[in-house]
Amino acid sequence: MTSLEGRIALVTGASRGIGYFTALALAKQGAHVIAVARTTGGLEELDDAIQAAGGSATLVPMDLTDMPAVDRLGGAINERWGKLDILVANAGVLGTISPVGHVEAKVFDKVMAINVTATWRVIRSVEPLLLKSDAGRALILSSGVAHSARAFWGPYAASKAAVETLARVWAEEAAKTALKVNSIDPGATRTAMRAQAMPGENPETLPHPSEVAEKLVPLCAPECTETGKLFRVAENRFFDYRLPE
C-alpha cells in the first residue's frame with residue numbers, strides 16, 4: 001500500500017461518489033484530508049468514516065462557484081499547514097443530455113462555471129502551496145467523452161476537454177519543478193452522476209467508486225513521477241497525448 005503519512009490532501013466534490021471514496025482512501029494511507037463540498041451532511045458522513053479508519057480530516061462546506069471563497073481557501077491552507085501535497089480536483093456536474101442547440105444557457109453556464117472556471121480557480125488558489133511541497137501531486141478528474149465527443153453530451157464533454165487542456169498546460173509550466181499534474185478518466189462508475197446520465201443502466205454492472213479511488217491513491221504519492229498525461233482507470237495506466245491525425 002502507498003504511505004501518505006504526514007501529507008496534506010485537498011479533495012473537491014468530497015461528499016459523495018469518487019470524491020468521497022478518494023478522500024477516504026487517502027486518509028486511510030495517512031494523509032490529512034481537506035474535504036470540500038456543498039453538502040454538509042455528506043462531509044460529516046465522510047468525517048465519521050475517516051475517523052473510524054483512524055484518519056483525520058478538515059471539512060470545508062463550500063460552493064465552488066463562490067470564487068472569493070475559493071481564493072480564501074488557499075490562504076487558509078497556507079496559514080495552517082504552509083503547503084499542500086495533493087490536489088484531487090473532482091467536483092463536477094453533468095448538466096443535461098441533449099442536442100447542443102437545445103441546451104439552456106443557464107445549464108451551459110453552470111457546467112462551465114463548476115467544471116472549468118471553479119477548477120481553474122482552485123488551481124490558481126493552491127498552486128503556490130503545491131510548489132512548496134517536496135512532491136506536489138495534482139489529479140484533475142476528466143471523462144472519456146472529452147475525446148469521444150459523444151452526441152448529446154456537448155456541455156459536459158466540452159468542459160472536460162477544457163480542464164484536460166488546462167491540466168496539460170499546467171503540467172508543462174511546472175515541468176522543472178517537483179509538481180506533477182495528470183488528468184484522470186475514471187470510466188463508467190457507479191455514481192449518482194452516471195445514474196443521471198444513463199437511467200436505464202444497471203449500476204451493479206459498473207465498478208464501485210471505491211475501486212476507482214484505490215487506483216488514484218498511488219498517483220498521489222511522491223513515487224509517481226508521470227506528468228502531463230491521461231490516466232485511464234479501466235486500463236490502470238497512463239496514456240500520452242497525441243496531435244490530431
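Author: Let's begin with a working rule: a residue counts as buried when its relative accessible area is under 20%, as exposed when it is over 50%, and as partly exposed in between. Please also keep in mind that this is a predicted model.

Reader: Happy to. Is Val-36 buried or exposed by that rule?

Author: Val-36, a residue of strand β2, has a relative accessible area of 0% and is therefore buried. Its contacts, once neighbours within four places in sequence are set aside, are Leu-10, Val-11, Thr-12, Gly-13, Ala-14, Leu-43, Val-60, Met-62, Leu-64 and Leu-73. You can also look at Ala-91: 55 residues separate it from Val-36 along the chain, while their C-alpha atoms are separated by 8.8 Å.

Reader: And what is the relative accessible area of Ile-34?

Author: Ile-34 also lies in β2. Its value is 1%, so it is buried. Not counting residues up to four places away in sequence, Ile-34 touches Ile-8, Ala-9, Leu-10, Val-11, Thr-58, Val-60, Ile-77, Trp-81 and Leu-84. The C-alpha atoms of Ile-34 and Leu-59 are separated by 6.0 Å, with their positions 25 residues apart along the chain.

Reader: Let's go up from residues to the strand. How many residues of β2 are buried?

Author: Six of the six, so β2 is largely enclosed by the rest of the structure. Try following the side chains along it: His-32, Ile-34 and Val-36 point one way, Val-33, Ala-35 and Ala-37 point the other way, and all are buried. Strand β1 can be read likewise. Five of its five residues are buried, so β1 too is largely enclosed by the rest of the structure. Here Ile-8, Leu-10 and Thr-12 point one way and Ala-9 and Val-11 the other.

Reader: How many bridges join β1 to β2?

Author: In general, two strands are taken as a pair if there are at least two bridges between them. In this case five bridges join β1 (residues 8–12) to β2 (residues 32–37), and the two strands run parallel. To find the pairing on screen, start with Ile-8, which stands opposite His-32 in β2, and then go to Thr-12, whose bridge partner in β2 is Val-36.

Reader: Which order do the strands of the sheet have?

Author: The sheet is open, has eight strands with mixed pairing, and its order is β3-β2-β1-β4-β5-β6-β7-β8. At the edges stand β3 (56–61) and β8, each with a single partner strand, so each has one side left without a neighbour in the sheet. On average, neighbouring strands are turned by 20° against each other, direction ignored. Helix α3 (residues 67–81) packs on this sheet, touching β1, β2 and β3, and its direction makes about 160° with that of β2.

Reader: What span should helix α4 have?

Author: The usual check takes 1.5 Å times one less than the number of residues. For the 28 residues of α4 (residues 105–132) that comes to 40 Å, and the end C-alpha atoms are 40 Å apart, which agrees. Do look along the helix as well: a kink of about 50° lies at Val-126, shortly before the proline Pro-128.

Reader: Now the backbone angles. Which residue in the loop between α5 and α6 should I look at?

Author: Look at Ala-149, which sits between α5 (145–148) and α6 (154–173). Although Ala-149 is not a glycine, it has a positive phi of about 50°. At 60% relative accessibility, Ala-149 counts as exposed. Asn-236 is another non-glycine with a positive phi, of about 55°. Asn-236 is in the loop between β7 (230–232) and β8 (237–239), and with a relative accessible area of 43% it is partly exposed.

Reader: Where is Ala-53 found?

Author: Ala-53 is in the loop between α2 (40–52) and β3, and its 38% relative accessibility makes it partly exposed. Ala-53 and Lys-28 are 25 residues apart in sequence, yet 6.2 Å apart in space, C-alpha to C-alpha.

Reader: One last item: which feature does UniProt place at residues 7–187?

Author: The record, an unreviewed entry, gives "domain: Ketoreductase" for those residues. In the model, the span 7–187 is 51% helix and 18% strand, and its end C-alpha atoms lie 27 Å apart.

Note on methods. Residues numbered from 1 in each chain as written. Predicted model: local features only at pLDDT ≥ 70, side-chain atom pairs only at ≥ 80, totals over all residues. Heavy atoms only, no water. UniProt positions renumbered as here; feature names shortened; annotations may be inferred. Helix = DSSP H or I, 4+ residues; strand = E, 2+ residues; numbered from the N terminus. Buried < 20%, exposed > 50% of the residue type's maximum accessible area, 1.4 Å probe, protein only. Axes fitted to C-alpha atoms, helices over the stretch in contact; angles between N-to-C directions. Contact = heavy atoms within 4.5 Å. Bend = angle between axes of the 7 residues up to and from the residue.
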